[in-house]
Amino acid sequence: MSTVIAFIVIFGALVFFHELGHFVFAKRAGILCREFAIGFGPKVFTHKKGETIYTIRLLPIGGFVRMAGEDPEMIEIKPGYRIGLLFDGDGLVTKIILNNKNKYPDARIVEVEKADIEKDLFISGYEEGEEEETKVFKLRRDAVLVEGNTETQIAPYDRQFASKTLGQRTMAIFAGPMMNFILAFIVFVILALIQGVPVNDPVLGKLTEDGAAYKAGLARGDVVQSIDGTEISSWGDVVDTIRSNPGKSLEFNVERDGKTLEIPVKSVVQKVEDKTIGVIGVFSPVEKSPLKSIGYGLEETYRWTKEIFFMLGKLVTGQFSIDALSGPVGIYVSTDTVAKSGVLYLMHWAAILSINLGIMNLLPFPALDGGRLMFFGIEAFRGKPVDRQKEGMVHFIGFALLMLLMLVVTWNDIQRFFL
C-alpha cells in the first residue's frame, strides 16, 4: 500500500506541475481555460472556481488543460434553433438555454435567425409573440450556454488559443515540460539542503556500520593524507585508490583532532557490471550551504538531462530495443524498489522521472508538446499557420500510435515483472 501511495503521489505531482505550467502561461496570455484535469476517464472529483473547472479523473496516467478554441465539442447555434435567453440588469444576455426551457420561466424564447458567439457576440431572431420584428440581443463576454444540466462559458475570439501571438502560444505549450525541469531542480536543491552537497576534499564522510572502514577504526571527519604512501589531495584520489585495490589491505594515514594516525583497512571485493572494484563502506564528505545547494540542483538537472538524451540516442541508433523501455507498470516496480531505501531516495527518483517526463514531451512527435512546438516552428518559417484540420489529423494519428506504443510497453512490463 505504501508503494501505491508513493506512486500516486509522485506521478500525480509530476503531472500536476506539468499541467500547471500550461495553465499559468495560458492564463497569462488571456486564454480561457475551461478545465484543469489530473488523469483521464470518468471524473471522480470536480470543483469550479472562476471560469475553470478543476477535476481529478479515474485513470492517473496523465492530465490536460482544456483551452478555449481547442474544444471539438463546442456547441454551435444554428438558424432555426429555438432558444431561451436570460438577461442582466443592463440588457445583456447572461444565459443561452438550448433545451429544457420550461425550467426557466423568466427566459425569453427566441427563434434564431443569425448568431455569432465568438466575434461580434450577438444573437438575432424573432422573439416569441413578436414574429414580425427581428431583434438583436447582445451577449455578455462571460455568457454561458446551458444544455441539460451543463453550463459552458462562451469564448470570445480574443480569449481563444488560436487568437494569441505565436510567442504566447509557444510559451503556453513549452511551459509544461519547462515546469518538469524546474520541479526536478527544486527537488535536487531540497535534497542538497537536507543531505548536504558532496565536496572534493579528502575527508571521510558517513561510514556504514558494517563496512570495513568502520570496523578498522576510521571515523567520520578523518582527513586522509596518504594511502599506502601515496599522497592524497582530493576525494577523487581516495575513491580511485580504494576501487583499484579490491580485496587488498591499504594503509591509511589520516589526521584526527590534530593527531596523525596510521590505520590499515582491507577493502571488500564488489562487482559492478563487468568490473571488480574495492569498497570500504564510506561516503563522500558533504557541506550544507544554500548557495552550493542551488549549484548542485543545476548540476544534477543538467547531468540527468544529458544522461536521458544519451539513452534516447541509443534507442534511436538501435543499441537497445523497445523492450528496454518501461511504462507505468515498470515505473511502479522501480518505485517499489526505491521506496525501500527511504523518502530521500524517492525524492531523487521523482526528480529523475520529472526530467524524463519533460524530455519525452519535448520530442517532436505528433500529439506531444514537442509535436505542437514543431508545427509552431513550421508556422514561423512559413509565416502562416498550418491548416488546423490537417494538423489535427496528424496529432490524432500520432496519439493513436502513442497509445499503441504504450500498450506494447505495458505488456512487456507485465511479462517482465509478473509472468
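Which residue lies over the face of Tyr157? In this predicted model, the residue in that place is Lys119, at 5.4 Å from the ring centre of Tyr157.

**Aromatic pairs**

Let's stay with the rings for a while. A search of the whole structure turns up nine aromatic pairs. One of them joins Phe23 and Phe36, whose rings meet edge-to-face, with 5.4 Å from centre to centre and 80° between the planes. Because Phe23 belongs to helix α1 (residues 2-28) and Phe36 to strand β1 (residues 33-49), this pair ties together parts that are 13 residues apart in sequence. Phe23 counts as buried, at 10% relative accessibility, and Phe36 counts as buried too, at 6%.

A second pair to look at is Phe87 with Phe137: the ring centres are 5.9 Å apart and the planes stand at 50°, so this pair is tilted. Here the pair links distant parts of the chain, with Phe87 in strand β3 (residues 82-87) and Phe137 in strand β7 (residues 134-147), 50 residues apart. What is the relative accessible area of Phe87? The value is 25%, which means that Phe87 is partly exposed. Its partner Phe137 has 6% relative accessibility and therefore counts as buried.

Phe23 and Phe36 also turn up in a wider group: together with Phe16, Phe17 and Tyr54, they form one aromatic cluster.

**Two more residues to find in the structure**

Ser124 is found in strand β6, which covers residues 122-127. Is Ser124 buried or exposed? Ser124 has a relative accessibility of 5%, so Ser124 counts as buried. Which residues does Ser124 touch, once its neighbours within four places in sequence are left aside? Its contacts are Glu111, Val112, Glu113 and Lys114, along with Thr134, Lys135 and Val136.

Gly12 sits in helix α1, the helix that also holds Phe23. With a relative accessibility of 23%, Gly12 counts as partly exposed. If you trace the chain from Gly12 to Pro60, the two are 48 residues apart in sequence, yet their C-alpha atoms are 7.0 Å apart in space.

**Accessibility at a glance**

Here are the residues discussed above, with their values side by side.

| Residue | Relative accessibility | Class |
|---|---|---|
| Ser124 | 5% | buried |
| Phe36 | 6% | buried |
| Phe137 | 6% | buried |
| Phe23 | 10% | buried |
| Gly12 | 23% | partly exposed |
| Phe87 | 25% | partly exposed |

The dividing value between these two classes is 20% relative accessible area, with buried residues under it. Phe87, at 25%, is therefore partly exposed, while Phe137, at 6%, counts as buried.

Notes:
Residues are numbered from 1 along each chain as its sequence is written. This is a predicted model: local features need pLDDT of at least 70, side-chain atom pairs count only at pLDDT 80 or more; totals for chains, interfaces and linings use all residues. Side-chain values use heavy atoms; hydrogens and water are left out. Helices (H or I, at least four residues) and strands (E, at least two) are DSSP runs, numbered from the N terminus. Buried means under 20% relative accessible area, exposed over 50%, partly exposed in between (1.4 Å probe, protein chains only). Contact means heavy atoms within 4.5 Å. Rings of Phe, Tyr and Trp (its six-membered ring) pair if their centres lie within 6.5 Å; planes under 30 degrees apart count as stacked, over 60 as edge-to-face and the rest as tilted. A charge sits over a ring if NZ of Lys or CZ of Arg is within 6 Å of the ring centre and within 35 degrees of the ring normal.
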